[in-house]
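Welcome! Here is a short briefing to help you find your way around a new structure. Take a look at the sequence and the model first, and then read on.

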Amino acid sequence: MCLAIPVKIVETDGVNAVAEVSGVRRDCNVALVPDVSVGDYVLIHAGFAIKKWSESDVAEYNTIMNEIDGAGGLEK
């Protein structure tokens, strides 16, 4: 199963961008999401940004994932 994950855009060059999560940077394509700029959060799936997220969306996601991890729901 694949999951899209929220990442922060740290560089853009046309439809190409660099996204960062937990200190890890990856190249991605932002052609599917209009008006992406540095500092925006997007969901990335298979190397493509598929949706913008607000900072509050990302905070809620992180809270949920931390709760799952604390309950032993994520494998290490």
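Two residues are in contact when they have heavy atoms within 4.5 Å of each other. With that in hand, Val 36 can be placed: leaving aside neighbours within four places in sequence, Val 36 is in contact with Ile 9, Thr 12, Val 30, Val 42 and Lys 52. Please keep in mind that this is a predicted model.

**Overall layout**

- The chain has five strands and one helix, and along the sequence they come in the pattern β-β-β-β-β-α.
- Taken along the principal axes, a box of roughly 40 × 25 × 20 Å holds the C-alpha atoms of the chain.
- Among contacts with a separation of 6 or more, 32% join residues that are 24 or more positions apart.

**Surface and charge**

- Of the chain's 76 residues, 24% count as buried.
- The exposed area of the chain is about 5300 Å², with 52% of it supplied by carbon and sulfur atoms.
- There are 12 negative and 6 positive side chains, and the centres of these two sets are 2 Å apart.

**The nonpolar core**

- In soluble globular proteins, nonpolar side chains tend to be buried together.
- Here the largest nonpolar core has 11 residues in all: Val 7, Ile 9, Ala 17, Ala 19, Cys 28, Val 30, Val 33, Val 36, Val 42, Ile 44 and Ala 49.
- Strand 1 (5-13), strand 2 (16-21) and strand 4 are the elements that each give two or more residues to this core.
- Val 36, whose contacts opened this briefing, is one of the core residues, and its contacts Ile 9, Val 30 and Val 42 are core members too.

**Two buried residues to look up**

- Val 18 sits in strand 2 and has a relative accessibility of 14%, so Val 18 counts as buried, the cut-off being under 20%.
- Beyond its neighbours within four places in sequence, Val 18 is in contact with Lys 8, Ile 9, Val 10, Glu 11, Arg 25, Arg 26 and Asp 27.
- Val 18 and Ile 64 are 46 residues apart along the chain, and 25 Å separates their C-alpha atoms.
- Tyr 41 belongs to strand 4 (residues 41-45) and is buried, with a relative accessible area of 19%.
- Not counting residues up to four places away in sequence, Tyr 41 touches Val 7, Lys 8, Lys 51, Lys 52, Trp 53, Glu 55 and Val 58.
- From Tyr 41 to Ile 5 there are 36 residues in sequence, and 9.9 Å in space from C-alpha to C-alpha.

**An aromatic pair**

- The structure holds one aromatic pair. The ring centres of Trp 53 and Tyr 61 are 5.9 Å apart and the planes meet at 65 degrees, so the pair is edge-to-face.
- Both partners are partly exposed: Trp 53 has a relative accessible area of 22%, and Tyr 61 has one of 23%.

**Positive phi angles in loops**

- Most residues other than glycine have a negative phi, which makes the next two residues worth finding.
- Ser 22 has a positive phi near 50 degrees; Ser 22 is in the loop between strand 2 and strand 3 (24-29) and is exposed at 75% relative accessibility.
- Asp 35 has a positive phi of about 60 degrees without being a glycine; Asp 35 is in the loop between strand 3 and strand 4 and is exposed, with a relative accessible area of 67%.

Conventions. Residues numbered from 1 in each chain as written. Predicted model: local features only at pLDDT ≥ 70, side-chain atom pairs only at ≥ 80, totals over all residues. Heavy atoms only, no water. Helix = DSSP H or I, 4+ residues; strand = E, 2+ residues; numbered from the N terminus. Buried < 20%, exposed > 50% of the residue type's maximum accessible area, 1.4 Å probe, protein only. Areas by Shrake-Rupley, 256 points an atom, 1.4 Å probe, with all protein chains shown as cover. Lys, Arg positive; Asp, Glu negative; His and termini not counted. Charge placed at Lys NZ, Arg CZ, Asp CG, Glu CD. Phe/Tyr/Trp six-rings, centres within 6.5 Å; stacked < 30°, edge-to-face > 60°. Core = buried A, V, L, I, M, F, W, Y, C linked by side-chain atoms within 4.5 Å.
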